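The following questions and answers are meant for a reader meeting this structure for the first time. Please look through the sequence and the model before reading on.

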Amino acid sequence: MLFQSRCAGCGRSGGVLCRTCRFALAAPPALPTTSDVVAAVPFVGRARDVLLGFKYGNRRQLAHHLAGLVVNRLLAAGVGPADVDVVTWAPTSRRRRHERGFDQAELVARRVAAQLGLPCGRLLERDGRSGAQTGLDRAARLHGPIFRASPAVAGRRVLVVDDVVTTGSTLRSAGAALRRAGAAAVRRAAVATTPALAASSPSTRPRPRPTASRTVVQGPWAA
């Protein structure tokens, strides 16, 4: 029996992400770059469909392209390999990892690190009492999960990656754990953020809206 592959963004027959959807994701509506989280795309429309397919549809091949979007956004925000010593991720709950067979944030973080030429390692452990954020209301999400950081972060500049940011509590909690363990600096990045969070976050210095030529992944980062 033959199974036909379909694009995670539009459902057309073909590869995991068609050319039209790749370009649509590479030139999203402008998002404010904040001092809190650098996010590549808004969690709406096609980007939302792609991320849901990645997260819940076992479309692991998407991690490479999603990481390229994060890398492009980081570089546009002035964050490059010289500003980071190591990349890590905000781990999902053990139950979610068992259900899916993978940690989506880890897949993206490892590819972000590879594209930036940086090391990547598991530097955070999620407290077993911290359940998954999915399905919780906003008030519950604001508390965030509890993380413990490895002593190996002491004195290092860390980039911590997640897939989708809604309230920002997960990355804030992860960043706080890294700083308590002695990280010299912590930067936070995500593939997507909800528009409400982006609109409520204070922007850094104004930046022009990126054109498609500045955001399209080139060379080995292209999907």
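Q: Is Cys21 buried or exposed?
A: In this predicted model, Cys21 has a place in helix α1. Its relative accessibility is 0%, and a residue under 20% counts as buried. Cys21 is therefore buried.

Q: Which residues does Cys21 touch, leaving aside those up to four places away in sequence?
A: One partner is Cys7, which lies 14 residues from Cys21 along the chain. The C-alpha atoms of this pair are separated by 8.2 Å. With residues up to four places away in sequence not counted, the residues touched by Cys21 are Cys7, Gly9, Cys10 and Arg46.

Q: How are helix α1 and helix α2 oriented, roughly perpendicular or roughly parallel?
A: Helix α1 covers residues 19-26 and helix α2 covers residues 45-56, and their axes come within 9 Å. The axes cross at roughly 115 degrees. That angle makes α1, relative to α2, roughly perpendicular.

Q: What is the handedness of the crossing of α1 and α2, left-handed or right-handed?
A: On the α1 side, Thr20, Cys21, Ala24 and Leu25 meet Arg46, Ala47 and Val50 of α2. The residues of this contact divide into 5 nonpolar, 1 polar and 1 charged. The crossing of the two helices, α1 and α2, is left-handed.

Q: What span should α2 have at 1.5 Å a residue?
A: Helix α2 has 12 residues, and its end C-alpha atoms are 16 Å apart. This agrees with the span expected at 1.5 Å a residue, which is 16 Å.

Q: Which residues of α2 are buried?
A: A residue counts as buried when its relative accessible area is under 20%. In α2, the residues that meet this condition are Ala47, Val50, Leu51, Gly53, Phe54 and Lys55.

Q: Which residue with a positive phi follows α2?
A: Most residues other than glycine have a negative phi. The loop between α2 and α3 holds a residue that is not glycine and yet has a positive phi, near 60 degrees. With a relative accessible area of 43%, this residue is partly exposed. The residue that follows α2 with this positive phi is Asn58.

Q: How is α3 placed relative to α5, oblique or roughly parallel?
A: Helix α3 (residues 62-76) and helix α5 (residues 104-116) have axes that come within 8 Å. These axes cross at roughly 55 degrees, and the crossing is right-handed. The angle makes α3, relative to α5, oblique.

Q: How many nonpolar, polar and charged residues form the contact of α3 with α5?
A: From α3, the residues Ala63, His64, Ala67, Gly68, Val70, Val71, Leu74 and Leu75 take part. They meet Leu107, Val108, Arg111, Val112, Gln115 and Leu116 in α5. The residues of this contact divide into 10 nonpolar, 3 polar and 1 charged.

Q: Which residue just after α7 takes a positive phi?
A: Helix α7 (residues 169-180) has 12 residues and reaches 16 Å from its first C-alpha to its last, close to the 16 Å expected. Its buried residues include Ser169, Leu171, Ala174 and Leu178. Just after α7, a phi of about 105 degrees is taken by Gly182.

Q: What percentage of the residues of the protein chain count as buried?
A: The secondary structure of the chain comes to 9 helices and 6 strands. Of the contacts with a separation of 6 or more, 75% are between residues 24 or more positions apart. Among the 223 residues of the chain, the share that counts as buried is 50%.

Methods
Residues are numbered from 1 along each chain as its sequence is written. This is a predicted model: local features need pLDDT of at least 70, side-chain atom pairs count only at pLDDT 80 or more; totals for chains, interfaces and linings use all residues. Side-chain values use heavy atoms; hydrogens and water are left out. Axes are lines fitted to C-alpha atoms, for helices over the stretch in contact, and angles run from 0 to 180 degrees between N-to-C directions. Helices (H or I, at least four residues) and strands (E, at least two) are DSSP runs, numbered from the N terminus. Angles under 35 degrees count as roughly parallel, over 145 as roughly antiparallel, 65 to 115 as roughly perpendicular and the rest as oblique. A crossing is left-handed if the near helix is turned anticlockwise from the far one by less than a right angle, and right-handed if clockwise. Contact means heavy atoms within 4.5 Å. Ala, Val, Leu, Ile, Met, Phe, Trp, Tyr, Cys and Pro count as nonpolar, Asp, Glu, Lys and Arg as charged, and the others, Gly among them, as polar. The expected span of a helix is 1.5 Å times one less than its number of residues. Buried means under 20% relative accessible area, exposed over 50%, partly exposed in between (1.4 Å probe, protein chains only).
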